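Let's take a walk through this fold, starting with the overall layout and working inwards. Keep the 3D view open as you read.

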Amino acid sequence: MKRREHLSPYRIMWLFVMFDLPVGTEQERKQATGFRNSLLDLGFEMSQFSVYLKYCASGEKAESVGSRIQHRIPSGGKVDILTITDKQFANMKRFYATGQTKKDGKVTQLHLF
């Protein structure tokens, strides 16, 4: 029986993109909106206004997506990319005004192999 290493929570990655973009002029706002839209086009979902995340089946896929982002950064922008394993992501705790919720570790994005 073949092992299914590609489904290991230690190989599956989550890519976080955190950014601070200038929005002082109309042109800068347009570029910032374009950058956010390009993240959505790449399959990211918004976690917070300047924090987007994406599920990637492997570290190689996460690296590939990260290099695409690098070429889309608007002038004067600062972008940080953080990659964590699915196992680490499952341990993330989220807090809201009404109390604490802990992520159940289930992937919410459908991924077809």
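**From layout to core**

Follow the protein chain along its sequence and you get the pattern β-α-β-β-α-β-α-β-β. That comes to three helices and six strands. Bear in mind that what you're looking at is a predicted model. The protein chain has 113 residues, and 31% of them count as buried. If you take the contacts with a separation of 6 or more, 66% of them are between residues 24 or more positions apart. As for the outside, the protein chain exposes about 7900 Å², with carbon and sulfur atoms supplying 52% of that.

Now for the sheet. Four strands make up an open sheet in the order β2-β3-β1-β4, and the pairing is antiparallel. At the edges sit β2 and β4 (78–85), each of which pairs on one side only. From one strand to the next, the twist averages 30°. In general, strands of a sheet pair through backbone hydrogen bonds, and they can do so in a parallel or an antiparallel way.

Let's go through the pairings here one by one. Between β2 (residues 45–48) and β3 there are three bridges, with the two strands antiparallel. If you want a spot to check, look at glutamate 45, whose bridge partner in β3 is leucine 53. The connection is a hairpin, with two residues taking the chain from β2 to β3. Moving across, β1 (residues 13–20) and β3 run antiparallel and are joined by six bridges. Here methionine 18 stands opposite valine 51 of β3. Then comes β1 with β4, an antiparallel pair with eight bridges. Methionine 13 has threonine 85 as its bridge partner in β4.

How much of β3 is covered? Strand β3, residues 51–56, has six of its six residues buried. That holds on both faces: Val51, Leu53 and Tyr55 are buried on one side, and Tyr52, Lys54 and Cys56 are buried on the other.

Next, see what lies on the sheet. Helix α1 lies across β1, β3 and β4, and its direction is at about 175° to β1. Helix α2 packs on the sheet too, touching β1, β3 and β4, but its direction makes about 20° with that of β1.

Which residues touch the most other members of the largest nonpolar core? This core has 16 residues, and the ones to pick out are Val17, Phe19, Phe35, Leu39, Phe44 and Ile69. The elements giving two or more residues to the core are β1, α1 (26–41), β3 and α2 (59–70). The largest share, four residues, is from β1. For a closer look, click on isoleucine 69: setting aside its neighbours within four places in sequence, it is in contact with Val17, Phe35, Leu39, Leu42, Phe44, Val79 and Ile81. Apart from this core there is another one, made up of eight residues that include Ile12, Trp14, Val51 and Phe89.

Two of those residues bring us to the aromatics. The whole structure has five aromatic pairs. One of them is tryptophan 14 with phenylalanine 89, a stacked pair at 4.0 Å centre to centre with 15° between the planes. Tryptophan 14 belongs to strand β1 and phenylalanine 89 to helix α3 (residues 86–90), so this pair ties together parts that are 75 residues apart in sequence. Both tryptophan 14 and phenylalanine 89 are buried. Zoom out a little and you'll find ring pairs linking Trp14, Phe16, Tyr55 and Phe89 into a cluster.

One last stop, this time in a loop. Serine 58 has its place between β3 and α2. Is serine 58 buried or exposed? With a relative accessible area of 14%, serine 58 counts as buried, because the cut-off for that is under 20%. Not counting residues up to four places away in sequence, serine 58 touches Arg11 and Met13.

Methods:
Residues numbered from 1 in each chain as written. Predicted model: local features only at pLDDT ≥ 70, side-chain atom pairs only at ≥ 80, totals over all residues. Heavy atoms only, no water. Buried < 20%, exposed > 50% of the residue type's maximum accessible area, 1.4 Å probe, protein only. Pairing = 2+ DSSP bridges. Core = buried A, V, L, I, M, F, W, Y, C linked by side-chain atoms within 4.5 Å. Contact = heavy atoms within 4.5 Å. Axes fitted to C-alpha atoms, helices over the stretch in contact; angles between N-to-C directions. Areas by Shrake-Rupley, 256 points an atom, 1.4 Å probe, with all protein chains shown as cover. Phe/Tyr/Trp six-rings, centres within 6.5 Å; stacked < 30°, edge-to-face > 60°.
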